[in-house]
Amino acid sequence: MGPRTGSFRSVYLDTASSEPLHPAARDAFLAALEQGYADPRRLHGPARNARLILDNAREVVAEALGVRRDEVSFTSSGTDAVHRGLLGLAPPGAEVAHAAVEHSAVLHALAWRPDLHTRSVRVDRHGRVDPTDVGVPDVVALQSANHEVGTVQPVADVAVTSDRPLFMDACASMGRLPLPDGWSAAAGSAHKWGGPAGVGVLLVRKGVRWRSPFPQDDRVDERVSGFENVPAILSAAAALQAVVAERDEVSARQHALVDRIRARVAQVPDTEVVGDPDRRLPHLVTFSFLYVDGEAIVDALNRRGFEVASGSACTASTLEPSHVLAAMGVLTHGNVRVSLTRDATEADVDAFCAALPEVVAAIRRDAGLPTGEAL
Amino acid sequence: MTADLELDCRGWLCPLPVIELAKRIGEVEVGQVVAVASTDAAAAYDVPAWCRMRGQEYVGTEPADDGVPRYLVKRVS
């Protein structure tokens, strides 16, 4: 997948936004489309098939994640799983402490409940919470790993020091890292591990006091609502099973490739590589270039066949910079987030690392800055 | 605080205020202060980050007469 001569071939570096469908997910999806159309609540043959597929998917997910079958619910998205998981733990008027770098789905869910008293917990320069800063609120919201910078949070330590119900947004890490101990409810998102969009996973630990924050429904699973998307759920489960089976090999390879990117990017003048260099997601790295417009660098890389994301304000509709980068106290403009596919190669990474300094230098030159030279 | 150089970056989007600061800090002597007046939300994070990365001193923020924040930077090298 080297540089782009002849037939143009791009390198997808935005799996943290959405991972391409895993081959195992595609096969399961197609099979279940034929067999899983009926209402799993009914008693006839096609319904029993659908119910069987649904139960099988739940079993597969439980085994892949190391949890009980009755702790697994399927939602209509990762966001839906976050909303249900977090709000279901928080009784009226509860004090909820959350990391300053939580996903916006967590922040929006809390803002939606004006009865809650929310407290943002600061993070260090790597984006990590210090467990002693969490205190003893009624409920804790802490992500397993950060979706923008990859830093892994000390969930198990926070659970011990706070000793309170803990909601864990695991959307960025589910399938890629084992679940830590200490959570009471957790959320995942299938399209981030190579399953289809439109499937989230809600986990609620047995014995935890959790109540649905939304209207009840009369479906298979009382924690969620709406008609089950049986084919997509089976597809998500198949992808998760495959990803977990491949995890040791894929993670080690991705971790080394990210180390390679981090080292090469750090050589570009006036650049900040952010997030924890070691205790991080295997596939993700984020960096910011001084004097560079985030939208300009995303566009320039896209023209060269590298598809990346950015947390800079100039790429957002709000004109507000990423609250994650702001909370970490790192540069918010000129930001690039790279996240690798499971089959990313050293050649892909080297081609990207070769293009990047040229793109940065060109943008700085256009801004009237001397090329490659520190100002 | 009176600055030795006032940069009016009102209405400019990131990263233009920081580019202006970088281009013009050489106009003051070491020990003197530059003020960057900016309406851009990112400047609140990016001016301090620029100071840390470029070895200059971030003094803090003070509003201008119209309420727009002025980010104060002391040239130390």
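In which loop of chain B does Pro15(B) lie? In this predicted model, Pro15(B) belongs to the loop that links strand S1 (5-8) to H1 of chain B. The peptide bond that leads into this residue from Cys14(B) is cis, and its omega is near 5°. Most peptide bonds, by contrast, are trans.

The fold around that loop can be read along the sequence of chain B, which follows the pattern β-α-β-α-β-β. The chain thus contains two helices and four strands. Its C-alpha trace extends over about 30 × 25 × 20 Å along the principal axes. For 77 residues, a compact globule would have a radius of gyration near 11 Å, and chain B agrees with this because its own value is 11 Å. Buried residues account for 36% of the 77 residues. Among the contacts in chain B with a separation of 6 or more, 61% join residues 24 or more positions apart.

Chain B also meets chain A. Here 14 residues of chain B are in contact with 22 residues of chain A. On the side of chain B that touches chain A, helix H1 (16-24) and helix H2 (43-54) each supply at least two residues. H2(B) gives the most, with five residues. By class, this side of chain B comprises twelve nonpolar, no polar and two charged residues.

Within chain A, helix H7 (residues 230-265) takes part in two helix pairings. The first to be considered is with helix H1 (residues 23-35) of chain A: the two axes come within 8 Å and cross at roughly 155°. The angle lies over 145 degrees, and H1(A) is therefore roughly antiparallel to H7(A). The crossing of H1(A) with H7(A) is right-handed. From H1(A), the residues in contact are Ala24(A), Ala25(A), Ala28(A), Phe29(A), Ala32(A) and Leu33(A). Their counterparts in H7(A) include Val230(A), Pro231(A), Leu234(A), Ser235(A) and Ala242(A). This contact holds 14 nonpolar residues, one polar residue and no charged residues.

The other pairing joins H7(A) to helix H10 (residues 346-366) of chain A, where the axes come within 10 Å and cross at roughly 15°. With an angle under 35 degrees, H7(A) is therefore roughly parallel to H10(A). The crossing of H7(A) with H10(A) is again right-handed. On the H7(A) side the residues are Leu257(A), Arg260(A), Ile261(A), Arg264(A) and Val265(A), and they meet Glu346(A), Val349(A), Cys353(A) and Leu356(A) in H10(A). The residues of this contact divide into six nonpolar, no polar and three charged.

Beyond H7, in the loop that leads to strand S9 (271-274) of chain A, is Asp270(A). This residue is not a glycine, yet its phi is positive, at about 55°. Most residues other than glycine have a negative phi. Asp270(A) is buried because 22 C-beta neighbours lie inside 10 Å, and the cut-off for a buried residue is 20 or more.

A further positive phi, near 50°, occurs at Asp163(A), likewise a residue other than glycine. Asp163(A) is placed in the loop between helix H6 (155-162) and strand S6 (166-169) of chain A. With 11 other C-beta atoms within 10 Å, Asp163(A) is exposed, since the cut-off for that class is 12 or fewer. Asp163(A) is thus exposed, whereas Asp270(A) counts as buried.

How values were computed. Residues are numbered from 1 along each chain as its sequence is written. Chains are lettered from A and ligands numbered from 1 in the order in which they are written. This is a predicted model: local features need pLDDT of at least 70, side-chain atom pairs count only at pLDDT 80 or more; totals for chains, interfaces and linings use all residues. Axes are lines fitted to C-alpha atoms, for helices over the stretch in contact, and angles run from 0 to 180 degrees between N-to-C directions. Angles under 35 degrees count as roughly parallel, over 145 as roughly antiparallel, 65 to 115 as roughly perpendicular and the rest as oblique. A crossing is left-handed if the near helix is turned anticlockwise from the far one by less than a right angle, and right-handed if clockwise. Two residues are in contact if their C-beta atoms, placed from the backbone, lie within 7 Å. Ala, Val, Leu, Ile, Met, Phe, Trp, Tyr, Cys and Pro count as nonpolar, Asp, Glu, Lys and Arg as charged, and the others, Gly among them, as polar. The radius of gyration is taken over C-alpha atoms; the globule rule is 2.2 Å times the number of residues to the power 0.38.
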